[in-house]
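Please work through the exercises below with the sequence and the 3D structure open beside you. Each task is followed by a solution that goes step by step.

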Amino acid sequence: MENTINNVPLSWRHIKIVAIASLGQLIGTGLATLVSVIIPLYQLTAHPELSSGMQGLVGAMDLLGIVVGSVVIGKLSDQYGYLLFFRLCPILVCAASFVALFFPSISVLIVCLFIMGVGIGGEYSLDSDYISSLMPDKWKSVMVGVAKAASALGNIGVAGACFLIVSHWTNPDLWPRLLWIIIAISGLMIVLRIRFWESPKWLASHGRNKQAAMAVEKFLGDEVGLSSEGKSADTPKAVRESWGTFIGHNWKKVIFTGVPWACEGLGVYGIGVFLPILVMALGIEHVASEGATISHVANSVEITLWISCIILPGFVLGLLLLNKVDGVRMQILGFIMSALCLSLLLASYYLHWDKWISIGAFMGFELFLNMGPHLMTYILPSKVYPEQIRGQGSGMAASIGKVGAVLGVFFIPILLKSGGTDSVLIVSIIVMLVGGLVTWIFKSRRQVGQ
């Protein structure tokens with residue numbers, strides 16, 4: 001039997017493709033983690049200090065960029081190919097990081113975070129498309145999940161780097177230097193993508209079968225051919241629809257893949273961006289009250305690092321269960337368990353339990369959030385949408401997801417100031433339950449049009 005993209009055994013070439021594509025997920029969560037450290041550091045240097053609304057704006061700007069980038073670049077990639085934008089996205093991130101580094105002001109930072117977000121939004125619509133179109137059928141969902149799991153490395157790696165750097169600082173004015181972390185990651189992405197090629201299935205979907213066969217050879221070797229559907233002479237071309245028409249034709253899929261992603265986005269980004277601030281608000285850092293202010297920031301970042309370390313085991317557990325348990329059920333269970341862990345955290349806050357109970361509740365929240373919703377909301381669009389509109393569908397889902405993240409990031413500091421820590425936790429619990437409910441309502445194959 002001829003080896004094709006669909007049935008070829010997994011090889012080191014596949015691993016290389018996944019590793020390069022996964023860097024978009026890594027830099028996305030890495031930037032969010034970096035912003036979570038920059039905000040309290042900037043608070044120490046601002047005169048007067050940042051308002052809660054301005055904190056929310058700074059935290060939300062890269063997410064607003066992701067909303068725009070995932071929609072616009074997702075649709076453009078369906079029309080003009082994946083490769084151009086796959087290379088352009090890290091260039092945008094790197095260039096904006098340099099500008100923010102050398103012109104360190106809050107206004108410049110806000111603009112640059114938006115531009116970085118546009119590039120990361122494009123990554124979110126492209127990396128799953130590349131992986132799902134090049135992996136063998138047996139490994140497709142797992143490898144898309146592995147790419148998403150790379151986001152945990154962004155949380156852990158950037159949090160660790162920030163802690164090592166900030167713990168040696170006495171001057172918070174040095175915060176722009178943290179941007180070198182993003183410059184290094186995006187620079188690596190640019191270098192690795194110089195020798196990369198167009199998606200074979202995208203080429204085939206546009207009737208360019210000869211070029212598609214050449215791309216397969218470059219990616220996977222000359223012993224691997226196009227799948228039988230890729231060779232078909234009547235392969236349908238990508239459908240170019242306006243966003244209104246697209247939503248009208250696919251509204252159930254849009255809700256099924258987008259709304260739970262938005263709910264999950266509040267947990268990943270809303271809580272994630274303000275995790276050091278929430279740690280301080282909950283009183284679970286371990287610095288004496290008379291300690292230097294920057295020491296409070298450094299130690300809240302250290303606890304953030306501990307909590308972030310559970311993200312990767314969450315993804316690993318989800319990947320191990322992926323082919324054994326229905327993914328939609330995993331998503332529902334993850335939302336419910338995340339809500340229960342936040343409820344435990346709320347009880348610990350009200351009843352003044354030991355700080356390790358609060359840290360454990362935070363860790364449980366991260367474990368179940370990443371085992372279920374964070375993993376599955378990324379995988380489902382590539383399974384629900386056909387190849388011809390996969391970029392647009394994935395971009396739409398990522399965009400809706402980041403709308404939820406933007407709302408969470410913007411309103412959490414306002415809630416924290418006006419209603420206190422308990423209001424943040426209560427709203428987060430409700431959002432987790434809504435995510436589980438929407439997933440359950442639209443869970444059947446008939447309803448999502450599969």
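The exercises that follow deal with helices, spaces, aromatic rings and single residues.

Before starting, note that this is a predicted model, in which local features need pLDDT of at least 70 and side-chain atom pairs count only at pLDDT 80 or more, while totals for chains, interfaces and linings use all residues. Residues are numbered from 1 along each chain as its sequence is written, and side-chain values use heavy atoms, with hydrogens and water left out.

**Exercise 1. Compare the span of helix 1 with the expected span, then find its kink and its degree of burial.**

Step one is to fix the terms: helices (H or I, at least four residues) and strands (E, at least two) are DSSP runs, numbered from the N terminus, and the expected span of a helix is 1.5 Å times one less than its number of residues. For the 34 residues of helix 1 this gives 50 Å, and the end C-alpha atoms are 48 Å apart, which agrees.

Step two is to look along the axis, where the bend at a residue is the angle between axes fitted to the seven residues ending there and the seven starting there. Helix 1 has a kink of about 30 degrees, and the kink is centred on Ser-22.

Step three concerns burial, where buried means under 20% relative accessible area, exposed over 50%, and partly exposed in between (1.4 Å probe, protein chains only). Of the 34 residues of helix 1, 28 are buried, and the helix is thus mostly covered.

**Exercise 2. Repeat the span and burial steps for helix 4.**

Helix 4, residues 106–134, has 29 residues and reaches 42 Å from its first C-alpha to its last, close to the 42 Å expected. Because 24 of those 29 residues are buried, helix 4 is largely enclosed by the rest of the structure.

**Exercise 3. Describe the largest cavity and the second largest pocket by volume and lining.**

The terms come first: on a 1 Å grid over the protein atoms alone, a cavity is a set of points where a 1.4 Å probe fits but cannot get out, a pocket is an open set with protein on both sides within 12 Å along at least five of seven lines, and lining residues have an atom within 4 Å of a point. Grid points are joined across faces, edges and corners, and a volume is the space filled by probe spheres set on the points.

The structure holds 1 cavity of 30 Å³ or more, and the space in the largest cavity is about 170 Å³. Its lining has 17 residues, with Thr-33, Asn-155, Val-268, Gly-272 and Ile-311 nearest the centre. Two or more lining residues come from each of helix 1, helix 10 (243–273), helix 12 and helix 15 (355–371), and helix 10 gives the largest share, 5 residues.

The second largest pocket holds about 160 Å³ and is lined by 10 residues, of which Pro-40, Gln-43, Leu-44, Met-280 and Val-297 lie nearest its centre. Helix 1 (12–45), helix 11 (275–282) and helix 12 (293–308) each give two or more residues to this lining.

For the classes, Ala, Val, Leu, Ile, Met, Phe, Trp, Tyr, Cys and Pro count as nonpolar, Asp, Glu, Lys and Arg as charged, and the others, Gly among them, as polar. The cavity lining has 6 nonpolar, 10 polar and 1 charged residues, whereas the pocket lining has 6 nonpolar, 4 polar and no charged.

**Exercise 4. Which geometry do the rings of Phe-86 and Phe-196 show?**

Rings of Phe, Tyr and Trp (its six-membered ring) pair if their centres lie within 6.5 Å, and planes under 30 degrees apart count as stacked, over 60 as edge-to-face and the rest as tilted. The structure holds 14 aromatic pairs. In the pair of Phe-86 and Phe-196 the centres are 5.1 Å apart and the planes stand at 35 degrees, so the pair is tilted. Phe-86 belongs to helix 3 (residues 82–102) and Phe-196 to the loop between helix 6 (180–192) and helix 7 (200–205), so that the pair links distant parts of the chain, 110 residues apart. Both residues, Phe-86 and Phe-196, are buried, and both belong to one aromatic cluster with Tyr-82, Tyr-130, Trp-197 and Phe-219.

**Exercise 5. Is His-352 buried or exposed, and where does it lie?**

His-352 lies in the loop between helix 14 (327–351) and helix 15. Its relative accessibility is 70%, and therefore His-352 counts as exposed. The phi of His-352 is near 60 degrees, a positive value in a residue other than glycine.
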